[in-house]
Amino acid sequence: MRTDRIFGLAVVLGALAYIASAFQLQTSFLSDPVGSRTFPIIVGSVAAVCGLVMVVSPDPEPDWPHGRTWARLGIAVLVLVGYAYALRPWGFVLPTALAAGIISYQINPRPMAAALTGIGLSVGLYLLFKYALGLGLMALPRDFPG
Amino acid sequence: MKARLFKALATGVVLGLATASGASAATECIAPANPGGGWDFTCRQIGKILFEIGQVDEPVQVTNMAGGGGGLAFSYVVNERNDDENLIVAASQATATRLAQNAYGGMTSDQVRFVGAIGADPGVLVVAADSPLKSLKDMVEAVKADPGSITFAGGSAAGGFDHLKVLQVLKAGGFDDIRSVKYIGLDGGADAITQTIGGFTQVMTGDMSEIVGFLKSGDVRALAVLTEERVPGFEQIPTAREQGYDVVAVNWRGLYVPKGISDEAFQKWADRLANVAASEQWKEAMAANGLAPFTKVGGDFQEWVDGVIAATEELSREIGVIQ
Amino acid sequence: MEIFANLALGFSVALTPFTLFLAVVGCFLGTIIGAMPGLGPSNGVAILIPLAFTLGLDATAALVLMTSVYYGAMYGGRISSILLNIPGDEPALMTTLDGYPMARQGRAGDALVISGVASFFGAFMATIGLMLLAPMLARVAYLFGPAEYFALYLLAFCTLGGIASNNQAKAALAAAIGLGISMIGLDNTTGMPRFTGGNLHLMDGVDFLVAIVGLFAVSEVFFFIESHGRGSAIGVKLARITIPVKDIVNSGWTMVRATLIGFFAGVLPGAGASLGSFLAYTGEKAVAKDRDSFGKGNPRGVAAPEAGNNAAAGGALVPMLTLGVPGSGTTAVLLALLMTLNITPGPTLFADRPEVVWGLIASLLIANIVLLVMNVPLVKLFVRILTVPGWVLLPMVTMISFVGIYSLSGSYFDLLLMVAFGVMGYFFRKMDIPTVPIILGILLGNNMEDSLRRAMVISGGDWTFLFSSGIAIGLWVAAIAGFVAPMFLRGLLRKPQAITD
């Protein structure tokens with residue numbers, strides 16, 4: 001109940017912001033009867049109506065996880081974001097081993113298995129991508145010693 | 001089961017080893033667009049020939065980096081690969097047009113080094129075979145009489161190169177009310193020609209390479225080609241200039257390299273590119289794809305590009321594409 | 001018969017021990033690439049083009065290899081859809097709807113065999129269609145202008161109600177979100193950026209692959225962390241793998257209908273494989289008597305989209321070869337390959353280079369047969385994936401997704417966006433907001449807006465232009481019927497359902 005209400009409200013606000021920024025769009029200097037704004041405004045209006053419907057008639061409350069699980073999900077998101085940033089500067093092998101290991105640990109908290117998963121996946125996938133598929137991946141940082 | 005998977009993977013590894021061995025020194029060619037377009041063609045074709053004629057030891061690796069109409073690749077090269085001597089990037093008139101219209105977020109042509117162009121795609125204006133428009137004059141007069149009666153279709157967005165061609169011709173014909181000209185930009189020249197043959201639009205504006213097959217099959221008729229002389233192999237198509245509209249617009253295809261590389265490295269790329277231009281393979285590729293010979297390689301190419309950019313900027317401003 | 005002579009010519013160039021070997025390798029690599037989230041047919045083919053040149057392959061051999069990879073990836077996309085609820089690429093999206101429920105019921109093997117046969121049927125019939133009708137069908141593209149395309153996209157959105165969701169407002173919201181996201185980037189008509197916040201990475205818009213991989217693959221990881229894999233298909237006791245003859249026979253007409261819809265969608269340059277599989281699925285659901293079992297593991301819900309998307313892949317070759325118009329990302333890559341080989345597709349290709357066209361058709365037929373022969377026995381291997389523990393499999397899926405998306409543009413930005421979509425997917429799936437309409441919106445939003453705007457430019461703002469041809473009117477009628485029908489049918493169906501439940 002509450003989730004749908006809050007989310008519906010967020011959708012309405014988001015849709016209004018979207019419509020507002022659609023009005024800021026520069027119009028074309030050429031013959032273009034529909035223009036850049038019309039379609040986004042229609043889409044925003046539909047979303048706003050749907051959001052209102054969710055506020056008025058919400059579905060039953062979904063089954064949300066509890067405290068510790070939220071923390072583990074949060075860590076997973078942070079790890080993935082970090083991985084996204086690390087992939088280019090640090091090369092493939094190191095960040096992949098770390099990220100895969102941590103994700104594995106989050107799913108099944110056994111440190112040894114997770115560490116092995118991380119290392120195995122990072123080396124295995126590197127070989128697969130580099131040699132079987134010929135993707136241009138870097139194993140290690142560009143200026144890695146040696 | 002596992003053994004079979006392993007065997008198959010091993011086959012893949014063996015096949016792949018050839019591509020990837022010693023990849024550190026391999027040349028990379030960035031096509032600043034998705035596979036299938038003109039820049040992708042440039043990278044793949046030049047990359048293939050470079051390897052075939054022994055100019056590089058490793059096959060050229062093509063990277064597609066679509067974004068911002070080439071702007072993403074441009075800023076990536078400027079900011080992150082500025083001294084990479086093994087990097088080439090596909091460029092064309094579209095690169096120059098976007099630089100001229102300041103579509104790369106304030107970046108300018110002197111932040112990279114343009115190596116050269118080794119072919120050009122002449123601009124053309126075509127109509128469906130059964131169109132009442134018989135000449136460029138018919139077209140210009142029809143627009144003058146009622147701008148709403150003719151819709152132009154091209155492969156670039158409004159204000160892009162294909163659109164500019166039309167506006168230039170109309171301007172040369174004394175029509176100034178640019179805003180009333182109806183133009184729709186489609187996802188490529190082939191789409192534009194399909195819509196024109198289908199009768200949804202009246203005139204297609206594009207490059208020669210895009211219409212070759214349709215000319216041969218007799219589905220379309222070219223009103224004019226936008227070159228100084230008639231194009232070899234297509235002598236039946238009159239130029240705009242001889243019909244009294246002094247407009248020349250060719251879409252050159254070439255390369256740029258990072259700004260920070262040494263002069264020797266730059267010269268090496270210029271030589272390699274010149275060798276590609278002189279090769280039989282490139283001549284074949286040009287003939288097969290409707291490109292006209294157009295070789296400008298080396299030191300003065302940068303100046304030429306700057307000239308093109310300045311001219312395009314002036315034109316865009318005059319027409320009102322940019323303020 | 002001229003066709004047979006042509007076909008003989010095709011096979012004479014395309015069928016040698018070496019090309020057959022290439023076909024097997026290509027099909028295998030393609031299947032693997034297709035099954036990996038983020039790596040689909042188009043980047044699969046693009047990645048392997050250099051390989052073709054390195055090996056010094058001639059034009060025919062290169063074509064055989066690439067078409068095998070192309071079709072292999074089309075086949076492969078279904079594997080991760082069915083086993084993990086993660087579509088390997090966008091045409092396999094619809095296969096998740098019934099394929100994954102089947103896997104959860106322990107029928108993963110059945111679903112893979114049925115979808116394999118349906119893929120074969122769709123692809124094979126489409127190749128025959130390409131062979132017999134291509135020059136004629138090329139004309140169809142001339143009949144579709146902006147107004148007709150707009151009506152076609154509208155039809156797709158109007159049949160959204162047919163997709164599994166209990167709450168119409170949430171389905172509509174999801175579609176609106178997808179459409180809203182698709183507006184991000186350069187406005188095709190004016191060339192001006194919209195909703196990018198000045199970010200260069202957003203200039204070309206949000207790639208639908210980023211959204212698919214985020215919404216399905218990354219969010220799946222979050223679900224696993226929450227539940228430790230309970231309720232997924234992993235570790236479900238598998239039924240013995242047999243060929244589900246009864247289901248295949250039952251889906252016979254489904255495959256025929258889906259193939260027709262898919263092939264036609266493929267032939268239209270603006271539609272493509274995803275629309276083909278989408279319309280094949282919703283169409284099948286609309287005519288099925290057991291409509292309610294769709295989305296709950298109905299074998300026909302697996303057969304329809306797979307026959308549809310593979311038929312569309314074949315159909316998409318029609319405009320690519322005869323007009324040089326690539327109807328999808330993959331055909332764009334194949335077009336690039338042809339042009340690199342100095343073959344320019346166009347209306348005269350069939351007459352000018354018969355050995356290329358018929359060699360290509362022959363290699364398509366070869367690839368299909370190889371895939372069928374390879375896929376059915378391999379099902380036993382594929383379902384083994386489900387015996388891999390989740391704490392290995394999910395990190396692996398994540399890492400493959402990252403590399404797949406990274407290979408698209410080489411930027412961390414797409415990766416961040418993918419993680420954001422993953423978070424969004426987690427919340428939306430919790431809240432029972434369907435994610436398929438989001439993808440559909442991102443895929444079709446730009447095309448839909450562009451067609452509307454082009455139509456209005458052509459007509460000078462006259463709205464009646466949208467109904468100016470028979471085709472357009474027919475599509476509008478179908479769209480309205482598709483939108484209204486579920487509302488009435490639902491009312492009619494509710495009551496008996498309440499009793500049988």
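Let me start with chain A, which is divided into domain 1, residues 2-56, and domain 2, residues 67-132. Taken over C-alpha atoms, the centres of domain 1 of chain A and domain 2 of chain A are separated by 38 Å. I should say at this point that what we are looking at is a predicted model, and everything I describe should be heard with that in mind.

Turning to chain B, the domain assignment gives a domain 1 made up of 26-121 together with 251-319, and a domain 2 that covers 122-243. The C-alpha centres of these two domains of chain B lie 26 Å apart, and the contact between them draws 14 residues from domain 1 of chain B and 14 residues from domain 2 of chain B. On the domain 1 side of that contact in chain B, α4 (93-100), β4 (112-128) and α11 (301-319) each supply at least two residues, and, sorted by class, this side has six nonpolar, seven polar and one charged residues.

Finally, chain C, where I would like to draw your attention to helix α6, residues 108-137. What distance separates the end C-alpha atoms of α6 of chain C? They are only 37 Å apart, although the helix has 30 residues, and a straight helix would reach 44 Å at 1.5 Å a residue. Within α6(C) there is a kink of about 55° at M131(C), and this kink lies shortly before the proline P135(C). As for its surroundings, α6(C) is mostly covered, with 24 of its 30 residues buried.

Definitions and conventions: Residues numbered from 1 in each chain as written. Chains lettered and ligands numbered in written order. Predicted model: local features only at pLDDT ≥ 70, side-chain atom pairs only at ≥ 80, totals over all residues. Domains from an automatic or database assignment. Contact = placed C-beta atoms within 7 Å. Helix = DSSP H or I, 4+ residues; strand = E, 2+ residues; numbered from the N terminus. Nonpolar A, V, L, I, M, F, W, Y, C, P; charged D, E, K, R; others polar. Expected span 1.5 Å × (residues − 1). Bend = angle between axes of the 7 residues up to and from the residue. Buried ≥ 20, exposed ≤ 12 C-beta atoms within 10 Å, placed from the backbone.
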